[in-house]
Amino acid sequence: MEEKAELRKRYKEKRKSLGPEKRGEYSRQIVEQVEKFLAAQNRFQHFHLFLPIEKLFEIDTFLLLDSLTKAGKQVYTSISDFETGNLMSVKIDSKTTFILDDWGIPVPNEFEKVGDEILEVVFVPLLAYDLDGNRIGYGKGFYDKFLSGLSSEVLKIGLSYFLPEVSISAIEEHDVTLDLCILPSGIIEFK
């Protein structure tokens, strides 16, 4: 477990040290890479998107929300239940207004709950990941629990400012691997 804690600390610092301009530039480049990928994979219509926790310097996925809705895609996000560790999927679009929950996660003011079976692609938050698609998040297990309950057909896409680690040895049985990761400079496919 020590390796995960150390990686979390190191990647939080790496994100912060990029500075706001570089993070903004990388976020735009990641959206461009997603757009290229989706142009070649036009079969997907239903996307689950994590929204950025600003104080943790996450990728600006509001840019991706705008891109997906302009392309006519249906987008969903989650509302976290911190007592059960579950995520509830809700529909969002470019007109949705948001407030911050107690953890700084943007959540819609008003929402329509949807069943997870509609999801085709899930954009997964992460701090670090490796060449096998193993990821490290914030350690609460929300996304591993959420992803393990989805169809194996759902495409799991990580978004990262950074290249992967070679290997993360502290992977646990319940950890769910990514299918690919999208970076400012391109796409890494796993498996």
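This passage describes the overall build of the protein chain and then its aromatic pairs, as seen in a predicted model.

The secondary structure of the chain comprises three helices and twelve strands. For 191 residues, a compact globule would be expected to have a radius of gyration near 16 Å, and the value for this chain, 16 Å, agrees. The C-alpha trace spans about 40 × 35 × 30 Å along its principal axes, and 52% of the residues count as buried. Among contacts with a separation of 6 or more, 68% join residues 24 or more positions apart. The accessible surface amounts to about 10,000 Å², with 49% of it belonging to carbon and sulfur atoms. As for charge, the mean positions of the 24 positive and 32 negative charges are 3 Å apart.

Turning to the aromatic side chains, the structure holds nine aromatic pairs. One of them is formed by Y26 and Y161, a tilted pair with 6.2 Å from centre to centre and 40° between the planes. Y26 belongs to helix α1 (residues 2–40) and Y161 to the loop between β10 (155–159) and β11 (180–183), so this pair ties together parts that lie 135 residues apart in sequence. Both Y26 and Y161 are buried, and the two form one aromatic cluster with Y11 and F162.

The rings of F62 and F98 offer another example: their centres are 5.3 Å apart and their planes stand at 65°, so the pair is edge-to-face. Here helix α2 (residues 62–70), which holds F62, is linked to strand β4 (residues 98–100), which holds F98, across 36 residues. F62 is partly exposed, at 27% relative accessible area, and F98 likewise counts as partly exposed, at 23%.

Note on methods: Residues are numbered from 1 along each chain as its sequence is written. This is a predicted model: local features need pLDDT of at least 70, side-chain atom pairs count only at pLDDT 80 or more; totals for chains, interfaces and linings use all residues. Side-chain values use heavy atoms; hydrogens and water are left out. Helices (H or I, at least four residues) and strands (E, at least two) are DSSP runs, numbered from the N terminus. The radius of gyration is taken over C-alpha atoms; the globule rule is 2.2 Å times the number of residues to the power 0.38. Buried means under 20% relative accessible area, exposed over 50%, partly exposed in between (1.4 Å probe, protein chains only). Contact means heavy atoms within 4.5 Å. Accessible areas come from the Shrake-Rupley method with a 1.4 Å probe; for residues, only the protein chains shown count as cover. Lys and Arg count as positive and Asp and Glu as negative; His and the chain ends are not counted. The place of a charge is taken as NZ of Lys, CZ of Arg, CG of Asp or CD of Glu. Rings of Phe, Tyr and Trp (its six-membered ring) pair if their centres lie within 6.5 Å; planes under 30 degrees apart count as stacked, over 60 as edge-to-face and the rest as tilted.
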